[in-house]
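Reader: I am new to this structure and would like a close look at one part of it. Please take the salt bridges and go through them in order.

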Amino acid sequence: MIVNPQSFNYRLIIGSLIVAVTILTVYSFTSFQSIRAHEQFLEQEKKLVESELSHMITRYDKVSVSNDLLSAQLEEAKLNTKITLDSLRLLRSDLSVLTKYRGQLYSLKLKNKELFNTIDSLNTVNQSLEQDKLLAYNELKKQQLANSSLIKENEVLEKSLEKGALLTANSFYAKGYQKFLGAKRPSVKAKRVQSIEVCFTLAENALTIAGEKELYIQIVNPKNNVVADKGSINFGNSSLIYSSKKVIEYTNEVVDVCVDVNADIEEQPLDPGTYYISIFHEDRKLGSTEVILK
C-alpha cells in the first residue's frame with residue numbers, strides 16, 4: 001500500500017490541533033468553574049461579613065445605658081460599624097478587601113466584647129442597687145406604717161386619757177324652798193317657792209387636772225324660759241344661758257356641791273310644772289335632774 005506523505009502530515013496536524021483544542025477547552029471550562037466558584041465564595045464571605053456587621057448595629061440599637069461615658073462609647077462603636085458596613089457594600093468582592101474587612105470586623109468584635117462586658121457589669125451593679133433600693137423602700141414603708149399605727153395608737157390613747165381626765169358628777173337632785181323668817185323650808189307649791197336648791201357630787205378622778213372648776217347651773221321653767229337668767233357664756237362656737245355659776249376648788253377627791261338659785265322678783269310666783277335642771281362644766285353637760293312644782 002502506498003501512503004501519501006503530504007496527506008499523512010495534514011492528518012497529523014489536524015489531530016494535534018483537535019487534541020490541543022480539546023485540552024484548551026477543558027482547561028478553560030475548568031478555569032471558568034474555578035473562577036466562578038471563587039467569586040461565589042467571595043460573595044458569600046462578603047454577605048457573611050455584612051450580616052455580622054448588621055447584627056452588631058442591631059445590638060447597639062437594643063442597648064440603653066444611663067452612663068454618659070458608656071453611652072458615648074456605644075455611639076462611637078455604632079458609628080464605626082456603620083461606616084465599615086457602608087464601605088463594604090460599595091466595594092466589589094475581592095480577597096484582599098474581604099481580608100481587610102475581616103480584620104476590621106475582628107477588631108470591632110474585640111472592642112464590643114470589652115464594651116458589652118462593661119455594660120453587663122454596670123447593669124449587674126445597677127440591678128443590685130435597684131434591689132437594695134427596693135428593700136430599703138419596703139423597709140421604709142414598713143417603718144412608716146409602724147409609725148402611722150403608733151401615731152394612731154397614741155391618738156387613741158390621748159383621747160382615752162382626755163376622756164378619762166374629764167370632770168364627772170353624779171347624785172343629782174333638786175328641791176324647791178320658801179323663805180320664812182330667814183329660814184328655808186322645802187316646798188312643792190309653785191306659788192310659795194322662791195328658790196331651787198341644786199345638789200350633786202363631783203367624782204374622784206386622779207387624771208383630772210386639779211384647781212378651780214367653773215360650774216354652771218341652768219334651770220328651765222315649764223314655759224322653756226331660763227329661771228334667774230344671769231346672761232350667757234361663750235364656749236367656742238356655742239353659748240350657754242345660765243341661772244347660776246359656782247367656782248369649786250377641785251383636788252381630785254369627791255366634792256359635794258349645793259347651789260341655791262333664787263328666782264328673780266318678776267318671776268315670782270313661779271309657774272306650776274316641771275323644772276329642768278342641768279349642770280355644765282364649760283361646754284360639757286355633767287348631768288341633769290328635775291323638780292316638779294304644783
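Author: What follows is an account of the salt bridges and the residues that form them. This is a predicted model, in which local features need pLDDT of at least 70 and side-chain atom pairs count only at pLDDT 80 or more, while totals for chains, interfaces and linings use all residues. Residues are numbered from 1 along each chain as its sequence is written, and side-chain values use heavy atoms, with hydrogens and water left out.

The protein has three helices and ten strands (helices are DSSP runs of H or I with at least four residues, strands are runs of E with at least two, numbered from the N terminus). A salt bridge is a side-chain nitrogen of Lys or Arg within 4 Å of a carboxyl oxygen of Asp or Glu. The count comes to four salt bridges.

One of them joins K184 and E197, at 3.5 Å from N to O. K184 lies in strand β2 and E197 in strand β3, so this pair ties together parts 13 residues apart in sequence. E197 is buried, at 16% relative accessible area, whereas K184 is partly exposed, at 37% (buried means under 20%, exposed over 50%, partly exposed in between, with a 1.4 Å probe and protein chains only).

K184 also forms a salt bridge with D260, the closest N and O atoms being 3.5 Å apart. D260 is in strand β8, residues 255-262, and the pair links parts of the chain 76 residues apart.

Another salt bridge pairs K245 with E214, at 3.4 Å between the closest N and O atoms. K245 lies in strand β7 and E214 in strand β4, so parts 31 residues apart in sequence are tied together. Salt bridges that share partners join K184, E197 and D260 into one network.
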